[in-house]
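User: I would like to go through this model and ask what stands behind each label. Please set the values against the cut-offs.

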Amino acid sequence: MSLVKLDRSYPSVQGAPVISSVETDIFRLRYFTYCMDCDFCHDTCCSYGADIDLGDVERVKGLGKDFEDYAGLPAAKWFDGNVVQDDEFPTGAMMRVRASRGHCVFLDTKGRGCKIHSYCLAHGLDYHVYKPVVCFLFGVTFEYGNLVPSNEIKDASLICYGQGPTLFEAAKASWRRSLVPRWWRRWKRFAMACTMFHKTNRILDRLVVLTVGLGPLFLASLFCVLFHLDFVIWMLLMIPVGVVSGILTLLPQVRAARIRILRLKYPPDD
Ligand code: SF4
Ligand code: SF4
């Protein structure tokens with residue numbers, strides 16, 4: 001993890017949030033991204049509701065009876081009504097979209113995805129204007145002026161974590177459309193620098209694994225030659241070395257295995 005301060009602060013098209021630093025993990029971490037093609041996630045990221053700007057609340061309510069029928073729930077039950085002052089939201093205040101029976105009230109439980117999103121697409125509306133910003137940016141989020149991975153990705157608890165494009169690639173279109181447009185003019189160089197940073201780190205990690213594996217091997221061989229120890233002792237010295245370097249080498253595979261297990265645990269619907 002590494003927070004990079006930008007040359008200046010970049011406000012979104014609506015004035016907030018204002019981004020002044022970027023967590024470079026957004027160029028490294030990945031999630032599935034193509035949600036409607038996902039056959040194993042059961043929309044688990046929509047289990048908890050979401051923070052929503054008061055402006056979005058009014059616009060969603062303004063969709064009227066037609067959307068209320070589509071949502072299948074009276075408008076009075078959509079939001080928790082607890083207004084929280086937060087300067088990082090365009091109106092300076094937000095509340096929560098409610099969750100009920102283990103999912104957001106706008107989740108389409110008979111089909112897939114978000115009903116605000118699908119309603120907007122069906123009616124030729126721009127969903128960025130109605131949907132909570134934290135939802136359409138999902139993968140990245142804003143926190144005290146920092147552009148950072150969403151919490152479920154940061155703590156690797158998201159079911160589709162670890163596969164697909166990077167968070168930056170996934171959120172690029174939405175960020176470009178709605179937020180910090182001036183920063184996007186410069187994103188290419190910044191993205192390249194950060195991607196290079198992570199690639200270099202990966203190479204260094206592998207070198208560390210090699211060093212951890214081969215260094216003690218070399219030292220143990222030298223030790224045996226110098227003190228005329230026999231092959232059995234050499235082998236005994238090698239066992240802990242093999243275990244440590246094996247664990248280090250296998251660590252990157254653990255995440256991929258976890259995704260495969262989750263796929264088995266949540267098989268595709270018929
Ligand atoms: S869990 Fe992953 S793939 Fe499924 S809807 Fe959420 S972000 Fe998309
Ligand atoms: S508003 Fe839509 S995208 Fe956001 S949590 Fe609810 S169902 Fe998911």
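**Labels and their grounds**

Analyst: The model is predicted. Histidine 42 counts as partly exposed because 16 other C-beta atoms lie within 10 Å. Buried would take 20 or more, and exposed 12 or fewer. Histidine 42 sits in the loop between β3 (30-31) and β4.

User: What makes the phi of histidine 42 worth a remark?

Analyst: Its phi is positive, about 55°, although histidine 42 is not a glycine. Most residues other than glycine have a negative phi.

User: Why is alanine 156 called exposed?

Analyst: Alanine 156 has 12 C-beta neighbours inside 10 Å, so it counts as exposed. The cut-off for exposed is 12 or fewer. Alanine 156 also has a positive phi, of about 60°. Its place is the loop between α5 (151-154) and β11 (161-166).

User: How do you know that the bond between alanine 16 and proline 17 is cis?

Analyst: Omega is about 0° for the peptide bond that joins alanine 16 and proline 17. Proline 17 belongs to the loop between β1 (3-11) and β2. Most peptide bonds are trans.

User: What makes β4 (50-53) and β5 (84-85) edge strands?

Analyst: Each pairs on one side only. They belong to an open sheet of three strands, in the order β4-β6-β5, with antiparallel pairing.

User: How do you know that β4 and β6 (residues 93-97) pair?

Analyst: Pairing needs at least two bridges. β4 and β6 have four, in the antiparallel sense. Isoleucine 52 has methionine 95 in β6 as its bridge partner. Helix α1 lies across both β4 and β6, at about 85° to β4.

User: Which sense of pairing does β2 (residues 18-23) have with β10 (residues 146-149)?

Analyst: The parallel sense, over two bridges. At least two are needed, so the pair qualifies. Valine 22 has leucine 147 as its bridge partner in β10. β9 (residues 140-143) runs antiparallel to β10, joined by four bridges. Threonine 141 stands opposite valine 148 in β10. The hairpin of β9 and β10 has two residues between the strands, and tyrosine 144 takes a positive phi near 55° there.

User: What makes the shell around ligand 2 nonpolar by class?

Analyst: The count is ten nonpolar, one polar and no charged residues. Cys and Pro count as nonpolar, and Gly as polar. Among the residues around ligand 2 are Cys46, Cys104, Cys114, Cys135, Pro132 and Gly49.

User: How many charged residues does the shell around ligand 1 have?

Analyst: One, beside nine nonpolar and one polar. Asp counts as charged, and Asp43 is among the residues around ligand 1. Thr falls among the polar residues, and Thr44 is there too.

User: Which residues have the most contacts inside the largest nonpolar core?

Analyst: Ile26, Tyr31 and Leu167, in a core of 49 residues. Helix α6 (residues 167-178) gives the largest share, five residues. Beyond four places in sequence, isoleucine 26 is in contact with Val140, Leu147, Pro149, Thr166, Leu167 and Phe168. In soluble globular proteins, nonpolar side chains tend to be buried together.

User: What covers the buried residues of α3?

Analyst: The cover includes α1 (54-61) and α2 (64-71). The buried residues of α3 (residues 115-122) are Lys115, Ile116, His117, Tyr119 and Cys120. Just after α3, glycine 124 has a positive phi of about 65°.

Methods. Residues are numbered from 1 along each chain as its sequence is written. Chains are lettered from A and ligands numbered from 1 in the order in which they are written. This is a predicted model: local features need pLDDT of at least 70, side-chain atom pairs count only at pLDDT 80 or more; totals for chains, interfaces and linings use all residues. A residue is near a molecule or strand if its C-beta atom, placed from the backbone, lies within 6 Å of it. Two residues are in contact if their C-beta atoms, placed from the backbone, lie within 7 Å. A nonpolar core is a set of buried Ala, Val, Leu, Ile, Met, Phe, Trp, Tyr and Cys residues joined through C-beta atoms within 7 Å. Axes are lines fitted to C-alpha atoms, for helices over the stretch in contact, and angles run from 0 to 180 degrees between N-to-C directions.
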